[in-house]
Amino acid sequence: MERIENVLSFYERKKVFVTGHNGFKGSWMCRVLADAGADVCGFSLPCTEYSPFPSMRLGGIRSLEGDIGNIDEITDAVLDLKPEVVIHMAAQPLVLESYKDPVLTYRTNVMGTVNVLEAVRKCDSVRSVVNVTTDKVYRNTERSEGYTEDEMLDGHDPYSNSKSCSELVTATYRRSFLNDVPVSTCRAGNVIGGGDRSNDRIIPDCVRCAERGDTITLRNPNSVRPYQHVLEPVLAYLLLAAKQTDNKELEGSYNIGPDDDSAVTTERIAQLFCENWKGAVYKKAVSTGGPHEAGLLRLNCDRFKSTFGWRPRRNIEEAVKMTVGWYLAERDGKDMGKFTSGQIAEYLR
């Protein structure tokens, strides 16, 4: 098993293009790359109230505002930078939001992928592409066994289905156009970590309630998801992007998730949150219906583990502790750029 610290040395002075860098996972991706000495350029819509604290990306990162739904904007950005690695993370990432605006969801998640891959097709400097999708791309029958990469793609809701479509788009471009460029997709489980502001996600909802002194209300306390700290998939994406650069046979689709004991209920996440945030309490809500959300979802990550010798570094208890620690540091006025880099360094140790 190669140490991830050695993999990160691959990125020193490399030009890396990251879509969605103003988002939660994109901000962590850019911070990791900048700390590794990469020449990072992010492309994203402008920051919103859901964007992580801006100082997370303090220094070492070029930021471009644009819309991946606009093929001219994304193509011009890629051709101008001439990156060696492209990490596509931009998305409309919320299930409930996808029910409210399915057209925007499909435009962003499907045509956005088409536009990014078209830009790559026109840029002869690119040596590796990773498209970040989701564990929700599978037809979910809520079985106890984890899904493997060769199973049917048929996400239920507009968000999940749009990501299934993004997977199919990527496979077609890989076969039809990008014969000399390794292109992979990564299907990660539920991610937690500092800086997530999204609505209807367990940790951000807990933080908002705790900061107001309100009781945390659990909408689906028994839902089981493969929770992991954000650094687990971010570093896995970078491992894959680096390794496939010189070995196109490594390209493909990979599940990225925690060990089985970190696939836990929403209630367990709330319990761990309350253990780490003094004074926080939760209660279970009475279900009032609403759009469909899966009750059970697990991943089989054996392909990625066996191919790259990868293992998760943090269990769910450690992941929640790291996450709550980030929000408490922000509440206490810490320099979040330095604090985030400190968490990355501690994770690598």
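Here a visitor asks a guide about a predicted model.

Visitor: Let's start with the sheet. What is the strand order in the open sheet of 7 strands?

Guide: The order is β3-β2-β1-β4-β5-β6-β11, and the pairing is parallel.

Visitor: What makes β3 and β11 edge strands?

Guide: Count partners. β3 (61–65) and β11 (253–256) each have a single partner strand, so one side of each has no neighbour in the sheet. As for twist, neighbouring strands here are turned by 20° against each other on average, ignoring direction.

Visitor: How do you know that β2 and β3 pair?

Guide: Two strands count as paired once there are at least two bridges between them. Strand β2 (residues 39–44) and β3 have 5 bridges in the parallel sense, so they pass that cut-off of at least two. One contact to look up is V40, whose bridge partner in β3 is I61.

Visitor: And at the other edge, how many bridges link β6 and β11?

Guide: There are 4, again in the parallel sense, with β6 covering residues 183–188. C186 stands opposite Y254 in β11. On the β5 side, 4 bridges join β5 to β6, and these two run parallel as well. There, V132 stands opposite C186.

Visitor: Why is β6 called largely enclosed?

Guide: Buried means under 20% relative accessible area. In β6, 6 of the 6 residues are buried, so the rest of the structure largely encloses this strand. Both faces are covered: V183, T185 and R187 are on one side, with S184, C186 and A188 on the other.

Visitor: Which residues of β11 point one way, and which the other?

Guide: S253 and N255 point one way, Y254 and I256 the other, and all of them are buried. In a regular strand, side chains alternate between the two faces of the sheet.

Visitor: On to helices. How do you know that the length of α2 agrees with its 12 residues?

Guide: At 1.5 Å a residue, helix α2 (residues 24–35) should span 16 Å, and its end C-alpha atoms are 17 Å apart, which agrees. If you wonder about the arithmetic, the expected span uses one less than the number of residues.

Visitor: What makes α2 mostly covered?

Guide: It has 11 buried residues out of 12. Among them are F24, W28, M29 and L33, and also K25 and R31. After the helix comes G37, with a positive phi near 90°.

Visitor: How does α8 do on the span check?

Guide: Helix α8 (residues 231–244) has 14 residues and should span 20 Å at 1.5 Å a residue; its end C-alpha atoms are 20 Å apart, so that agrees. α8 is mostly covered too, with 13 of its 14 residues buried.

Visitor: Why is R13 called exposed?

Guide: Exposed means over 50% relative accessible area. R13 has 66%, so the label fits. R13 sits in the loop between α1 (4–8) and β1 (15–19), and its phi is positive, near 65°, in a residue other than glycine.

Visitor: Why is E142 just partly exposed?

Guide: E142 has a relative accessible area of 35%, and partly exposed is the label between under 20% and over 50%. E142 is in the loop between β5 (128–132) and α6 (158–176). Its phi is also positive, near 55°.

Visitor: What about N70 and V181: buried or partly exposed?

Guide: N70, in the loop between β3 and α3 (71–81), has 28% relative accessibility and so counts as partly exposed. V181, in the loop between α6 and β6, has 11%, so V181 counts as buried. Also, V181 and S125 are 56 residues apart in sequence and 9.7 Å apart in space, C-alpha to C-alpha.

Visitor: Last one, cavities. What lines the second largest cavity?

Guide: The search of the whole structure finds 2 cavities of 30 Å³ or more, and the second largest has a volume of about 60 Å³. Its lining includes P226, D259, D260, R298 and L299. By class, that lining has 5 nonpolar, 1 polar and 3 charged residues.

Methods
Residues are numbered from 1 along each chain as its sequence is written. This is a predicted model: local features need pLDDT of at least 70, side-chain atom pairs count only at pLDDT 80 or more; totals for chains, interfaces and linings use all residues. Side-chain values use heavy atoms; hydrogens and water are left out. Buried means under 20% relative accessible area, exposed over 50%, partly exposed in between (1.4 Å probe, protein chains only). On a 1 Å grid over the protein atoms alone, a cavity is a set of points where a 1.4 Å probe fits but cannot get out, and a pocket is an open set with protein on both sides within 12 Å along at least five of seven lines; lining residues have an atom within 4 Å of a point. Grid points are joined across faces, edges and corners, and a volume is the space filled by probe spheres set on the points. Ala, Val, Leu, Ile, Met, Phe, Trp, Tyr, Cys and Pro count as nonpolar, Asp, Glu, Lys and Arg as charged, and the others, Gly among them, as polar. Axes are lines fitted to C-alpha atoms, for helices over the stretch in contact, and angles run from 0 to 180 degrees between N-to-C directions.
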